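Hello,

Here is the structure I promised to pass on to you. Have a look at it first, and then read my notes below.

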Amino acid sequence: FFLPAAFALHRPTRRSEPVDMPNPVATFDTTMGEIKCEIYLDKMPITASNFIDLAKTGFYNGLHFHRVIPDFMDQFGCPHSKDPKSSRAGTGGPPDGTYKNLVTGATEKRSGGGNIKDEFAAKISNEPGTLSMANTGSPNSGGSQFFMNTVHNDFLDWFSPGESKHPVFGKVVDQASFDVMVAISKTPTRDDCPVTPVTMKSVTVA
C-alpha cells in the first residue's frame, strides 16, 4: 500500500510532546540478598533526589539494618549502624550540606543534623514493598534513614489522620525483592536489632 507524499506531510508529530523518562531503579545488595526498587523521582523529587545523592556518594555502603520487626518493616540508613552493635544506631543522619533536585535543578538543603524538608506531595500509601522516610516525629526531621514496609502500614501515611507522617518514595519492582525484605524482617533479633548483622554491601542507582 502506497501512502501519497502529500498525505504523509500531515502526519502528527510528537516532537513537541514531553518525553516521560523512566524512574531510576535502586539496587540494594545485602548479605541476605538483592532488593530492587523503583525510586519515585517523578512524584517525590526532593526525597528521591536526597536518597539518590546519598546512594551515589556511597553513604549507605557498609551500614547495617538496625531495626527489623516481622509483619512490620526493616529500618536502615543510620551512619552509626556501621557498627552493627552501636547503641547510637537509629539516631544519626547525613552531614549538613546541599544536593541537587534532579527534576527541577534547584539546590536543596540538609540542615539541623542532615534533615531535609518533608515532602507531602504524592499520596502514596505505605503498602507492602514500599520505601518510606523515617523521622523523629517532628516536622522536617528526615535525613538518610528509611524503612521498607513488609505489610500495609497505612497508619504511617502522611495523609492519614494519625500523628505519624512518613512519605513513600519508592517500591520493589519484583516479588524476589519483596521476599528478601520479608526475610530480613524475620531474622532473629535482640531488642529489634538483628543478632546476625545484615549488611548493606552497596546501594547503586541506575
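**The overall picture**

The protein chain is made up of 3 helices and 12 strands. Please keep in mind as you read that this is a predicted model.

Along its principal axes, the C-alpha atoms of the protein chain fill a box of roughly 75 × 35 × 35 Å. The chain has 206 residues, and 46% of them count as buried. It exposes about 10,900 Å², with carbon and sulfur atoms supplying 55% of that area. If you take the contacts between residues at least 6 apart in sequence, 63% of them join residues at least 24 apart. As for charge, there are 20 positive and 22 negative ones in the protein chain, and their mean positions lie 6 Å apart.

**Strand β1 and its two partners**

A good place to begin is strand β1, residues 25–30. Strand β2 (residues 33–39) runs antiparallel to β1, and 6 bridges join the two. The connection between β1 and β2 is a hairpin through 2 residues. For a pair to pick out on your screen, try Thr30 and its bridge partner in β2, Gly33.

β1 also pairs with strand β12, which covers residues 200–205. This pairing is again antiparallel, over 5 bridges. Here you can look for Ala26, which stands opposite Val205 in β12.

**Helix α2**

Next comes helix α2, residues 45–56. Its 12 residues reach 16 Å from the first C-alpha to the last, close to the 16 Å expected at 1.5 Å a residue. Is this helix buried or exposed? Of its 12 residues, 10 are buried, so α2 is largely enclosed by the rest of the structure. Among the buried ones are Pro45, Ile46, Phe51, Ile52 and Leu54. The buried set also includes Thr47, Ser49 and Asn50. Just after α2 you will find Gly58, which takes a positive phi of about 85°.

**A buried glutamate in β6**

Glu108 lies in strand β6, residues 107–110. Glu108 counts as buried because its relative accessibility is 9%, where the cut-off for buried is under 20%. Which residues does Glu108 touch, not counting those up to four places away in sequence? They are Ile46, Gly97, Thr98, Tyr99, Asn101 and Lys117. Ile46 is also one of the buried residues of α2. Glu108 and Ile124 are 16 residues apart in sequence, and their C-alpha atoms are 22 Å apart in space.

**Residues in the loops**

Several loop residues are worth a visit too.

Thr187 sits in the loop between α3 (175–185) and β10 (189–190). Thr187 counts as buried, at 13% relative accessibility. Leaving aside neighbours within four places in sequence, Thr187 is in contact with Met32, Val68, Pro194 and Val198.

Asp71 belongs to the loop between β3 (67–69) and β4 (73–76). Its phi is positive, at about 60°, although Asp71 is not a glycine. At 60% relative accessibility, Asp71 counts as exposed.

Asp192 is found in the loop between β10 and β11 (193–194). Asp192 is not a glycine either, yet it has a positive phi of about 70°. With a relative accessibility of 32%, Asp192 counts as partly exposed.

Asp83 lies in the loop between β4 and β5 (97–100). Its relative accessible area is 41%, so Asp83 is partly exposed. Asp83 and Met181 are 98 residues apart along the chain, and 21 Å separates their C-alpha atoms.

Asp174 is in the loop between β9 (168–172) and α3. Asp174 is partly exposed, with a relative accessible area of 34%. How many residues lie along the chain from Asp174 to Ile35, and what distance separates their C-alpha atoms? The two are 139 residues apart along the chain, and their C-alpha atoms are separated by 8.6 Å.

Enjoy exploring, and all the best!

Terms used:
Residues are numbered from 1 along each chain as its sequence is written. This is a predicted model: local features need pLDDT of at least 70, side-chain atom pairs count only at pLDDT 80 or more; totals for chains, interfaces and linings use all residues. Side-chain values use heavy atoms; hydrogens and water are left out. Helices (H or I, at least four residues) and strands (E, at least two) are DSSP runs, numbered from the N terminus. Buried means under 20% relative accessible area, exposed over 50%, partly exposed in between (1.4 Å probe, protein chains only). Contact means heavy atoms within 4.5 Å. Accessible areas come from the Shrake-Rupley method with a 1.4 Å probe; for residues, only the protein chains shown count as cover. Lys and Arg count as positive and Asp and Glu as negative; His and the chain ends are not counted. The place of a charge is taken as NZ of Lys, CZ of Arg, CG of Asp or CD of Glu. Two strands pair if DSSP finds at least two bridges between them. The expected span of a helix is 1.5 Å times one less than its number of residues.
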